[in-house]
Each structure stands twice: as structure tokens, then as C-alpha cells.
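Work through the exercises below with the sequence and the coordinates open. Each task is followed by a solution in steps.

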Amino acid sequence: MVYRQKTKIRHTLKKHQKLQKITTELYLKYCSLTGFLHTTPDYFIIGFPKCGTTSLHEYLGEHPDVYLPFGKEIDFFDRLYSRGLNWYKTSFPNIVQKSFVKNFQKKEFLTGEATPRYIVHPHAVKRIHNTIPNGKFIILMRNPIDRAYSHYKMNLRNDYESVSYTHLRAHETR
């Protein structure tokens with residue numbers, strides 16, 4: 001739901017570039033001022049497209065002791081690293097919430113993110129280790145042929161691909 005709202009806002013702002021620039025600057029300023037009030041993730045789900053990262057992320061989110069960030073693929077340690085750690089941290093629960101859960105509910109909670117592309121980015125894993133040294137990795141992999149076929153079917157559904165699988169197989173180079 002939050003993702004759809006953010007996407008709708010982004011599309012609306014694209015029509016008004018001056019307003020988009022102002023709101024982006026304000027948002028980044030807000031993040032720089034409030035990021036220290038937020039936690040960092042305990043775990044990272046990384047892997048390859050169509051290997052189950054979204055499913056695992058959603059399954060973990062159903063557990064009462066797992067608090068998910070706002071959005072699945074935050075992309076901080078690869079594409080958006082220049083926005084700074086405070087921007088990143090605002091995607092996660094705040095420290096007041098964590099303290100409340102720990103002190104009043106007498107339990108711990110975990111939070112994490114799922115950005116599959118971190119596994120292939122040349123600096124992402126090192127950046128994660130330098131920033132969150134105790135972070136744990138959950139790496140998802142899949143049979144490469146099944147993964148490729150699933151990716152192809154997704155691209156076909158999204159109209160990124162128009163060639164039939166049979167045609168691709170017939171013209172495969174060996």
C-alpha cells in the first residue's frame with residue numbers, strides 16, 4: 001500500500017518538475033535531520049531476480065517479531081548510496097518503537113531489507129559490512145534455467161518481451 005502511494009506521488013510530481021525538486025530537497029533534509037532516530041537492519045535478503053526474495057520478504061513480514069522497512073528494494077548500498085546513511089535509516093523502525101517493544105512488551109524484534117541486486121554490485125556487500133558489521137545475509141539462489149524461464153515469463157507478462165519461448169529455443173546459439 002505504501003509503495004503504491006509513493007508511486008502515485010512520484011508520477012504526480014513528475015508533471016510538476018519545480019515542485020518535485022522542492023519536495024525532494026525537503027524530504028532529503030528531513031531524512032538528514034531524523035535518520036539518527038531510526039534503527040538499521042539486522043538482516044539482508046540478497047540474491048538474483050526470480051529467486052524468491054519477494055516471497056521470503058513477505059513471509060518474514062508476517063512474523064510478529066519482524067518489522068519490515070517501508071518498501072522492499074531500498075537500493076541504498078548500490079544505486080542510492082550518495083543519499084547518506086540517515087536517508088537509508090528512515091526506511092526502518094525508529095528507536096522509540098524498538099525501545100517500547102523491548103521494555104514494555106519484553107521482546108526483541110528484527111528488521112531487514114531485501115534488495116536482490118546487492119549480490120552483483122561490486123561495492124554493495126563491502127559497504128554493508130562497513131556500515132552494519134553485525135548484519136546477517138540471507139542469500140537466495142535458484143536453478144539458473146528455471147530462474148531464466150521465470151524471468152522470461154515475467155518480461156512477457158509486462159510486455160518487455162514479445163518473442164515466444166519456442167522461437168527463442170529454436171534460434172538458440174550453441
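**Exercise 1.** Classify Leu-37 as buried, partly exposed or exposed.

Solution. The model is predicted. Leu-37 has a relative accessibility of 36%. Buried requires under 20% and exposed over 50%, so Leu-37 counts as partly exposed. Leu-37 sits in the loop between α2 (17-34) and β1 (43-47). Together with Phe-36, Ile-95 and Val-96, Leu-37 makes a nonpolar surface patch of about 380 Å².

**Exercise 2.** Determine which parts of the chain the salt bridge between Asp-65 and Lys-107 ties together.

Solution. In this salt bridge, the closest N and O atoms of Asp-65 and Lys-107 are 3.1 Å apart. Asp-65 is in the loop between α3 (53-61) and α4 (85-89), and Lys-107 is in the loop between α5 (95-103) and β2 (112-114), so the pair ties together parts that are 42 residues apart in sequence. Asp-65 is partly exposed at 26% relative accessibility, and Lys-107 is partly exposed at 28%.

**Exercise 3.** Which residues are linked in a network of salt bridges, and how does accessibility vary among some of them?

Solution. The structure holds 7 salt bridges. The network links Lys-72, Glu-73, Asp-75, Asp-78, Arg-79 and Arg-117.

- Glu-73 and Lys-72 pair with closest N and O atoms 2.9 Å apart. Lys-72 is buried at 16%, whereas Glu-73 is partly exposed at 34%.
- Arg-79 and Asp-75 form a salt bridge with closest N and O atoms 3.2 Å apart. Asp-75 counts as buried at 6%, and Arg-79 as exposed at 57%.

Definitions and conventions
Residues are numbered from 1 along each chain as its sequence is written. This is a predicted model: local features need pLDDT of at least 70, side-chain atom pairs count only at pLDDT 80 or more; totals for chains, interfaces and linings use all residues. Side-chain values use heavy atoms; hydrogens and water are left out. Patches are made of residues with over 30% relative accessible area and no salt bridge: like charges are joined within 9 Å, nonpolar side chains (Val, Leu, Ile, Met, Phe, Trp, Tyr) within 5 Å. Accessible areas come from the Shrake-Rupley method with a 1.4 Å probe; for residues, only the protein chains shown count as cover. A salt bridge is a side-chain nitrogen of Lys or Arg within 4 Å of a carboxyl oxygen of Asp or Glu. Helices (H or I, at least four residues) and strands (E, at least two) are DSSP runs, numbered from the N terminus. Buried means under 20% relative accessible area, exposed over 50%, partly exposed in between (1.4 Å probe, protein chains only).
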